[in-house]
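Student: Could you take a close look at the aromatic side chains here? Then please work outward from there, step by step.

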Amino acid sequence: MVRSSVLKNFEKACADKIVTYMSNKGIKFIFKHVPIKIEKLENGQRRVTYKNLEDQSTQTEDFDTVMFAIGRTANTNTLNLEGAGVKANPDNHKILVNEQE
């Protein structure tokens with residue numbers, strides 16, 4: 001399920017190519033939906049109940065694999081950036097390069 005967009009901080013054309021590639025390899029993307037319940041079945045599959053964000057309807061489907069990607073946090077907190085005079089965002093540890101970061 002994809003709430004809004006895949007890799008939303010990346011250039012859209014690149015993200016679209018990744019979605020196309022993964023879809024061609026058999027990965028199923030369900031856009032504008034969010035999972036609300038995941039159950040492990042005896043056969044090893046996952047039963048996912050998910051909600052449509054447009055009409056609030058729910059649906060249940062069984063999958064072999066469920067992959068979560070909920071965001072990223074930079075792994076810079078052990079680099080002593082402050083000692084080098086480099087500023088980082090205290091919430092996500094990304095190096096501040098301009099006002100938008």
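Tutor: Start with Phe29. In this predicted model, Phe29 has a relative accessibility of 21%, so it counts as partly exposed. The cut-off matters here: buried means under 20%. Phe31 has a relative accessible area of 38%, so Phe31 is partly exposed too. For an exposed residue the value must be over 50%.

Now put the two rings together. A pair of aromatic rings is described by the distance of the centres and the angle of the planes. The structure holds one aromatic pair. Phe29 and Phe31 form that pair, with 5.9 Å from centre to centre and 15° between the planes. Planes under 30 degrees apart count as stacked, and the Phe29 and Phe31 pair is described that way.

Next, look at the helix. Helix α1 covers residues 12-24. α1 has 13 residues. From its first C-alpha to its last, α1 reaches 18 Å. That is close to the 18 Å expected at 1.5 Å a residue. An α-helix has 3.6 residues a turn, so residues three or four places apart point the same way. Gly26 follows α1, and its phi is positive, near 105°.

Then come the strands. β1 covers residues 33-40. β1 pairs with β2 in the antiparallel sense, over seven bridges. Find Glu39, which stands opposite Arg47 in β2. β1 and β2 form a hairpin, with five residues between the two strands. Gly44 sits in that turn, where its phi is positive at about 95°.

Follow β2 onward. β2 spans residues 46-52, and β3 spans residues 58-63. Six bridges join β2 to β3, and these strands run antiparallel. Which residue of β3 is the bridge partner of Val48? The partner is Glu61. Thr60 also has its place in strand β3. Count 13 residues along the chain between Arg47 and Thr60, and you find their C-alpha atoms separated by 6.8 Å. Thr60 has 44% relative accessibility, so it counts as partly exposed.

The hairpin of β2 and β3 also has five residues between its strands. Gln56 lies in that loop. Its phi is near 65°, a positive value in a residue other than glycine. Most residues other than glycine have a negative phi. Gln56 counts as partly exposed, because its relative accessibility is 45%.

Move on past β3. Asn80 lies in the segment after that strand. Asn80 is another residue other than glycine with a positive phi, near 55°. Asn80 is exposed, because its relative accessible area is 55%. Thr78 also has its place in the segment after β3. At 66% relative accessibility, Thr78 counts as exposed. Set Thr78 against Thr58: they are 20 residues apart along the chain, and 43 Å separates their C-alpha atoms.

Asn80 leads you to a pocket. Asn80 helps line the second largest pocket, and other residues there include Thr76, Asn77, Leu81 and His93. That pocket has a volume of about 180 Å³. Its lining divides into four nonpolar, five polar and two charged residues.

Last, turn to the largest pocket. About 1200 Å³ of space lies in it. How many residues line this pocket? The number is 32, and those lying nearest the centre are Met1, Val2, Met67, Phe68 and Ala69. Two elements you have already met, α1 and β1, give two or more residues each to the lining. The largest share is four residues, and that share comes from β1. By class, the lining has 19 nonpolar, seven polar and six charged residues.

Now trace the route once more on the model. Begin at the stacked pair of Phe29 and Phe31. Cross from β1 to β2 through the turn with Gly44. Then pass from β2 to β3 through the loop with Gln56. Finish in the segment after β3, at Asn80.

Terms used
Residues numbered from 1 in each chain as written. Predicted model: local features only at pLDDT ≥ 70, side-chain atom pairs only at ≥ 80, totals over all residues. Heavy atoms only, no water. Pairing = 2+ DSSP bridges. 1 Å grid on protein atoms, 1.4 Å probe; cavity = no way out; pocket = protein on both sides within 12 Å on 5 of 7 lines; lining within 4 Å. Points joined across faces, edges and corners; volume = space filled by probe spheres on them. Nonpolar A, V, L, I, M, F, W, Y, C, P; charged D, E, K, R; others polar. Expected span 1.5 Å × (residues − 1). Buried < 20%, exposed > 50% of the residue type's maximum accessible area, 1.4 Å probe, protein only. Phe/Tyr/Trp six-rings, centres within 6.5 Å; stacked < 30°, edge-to-face > 60°.
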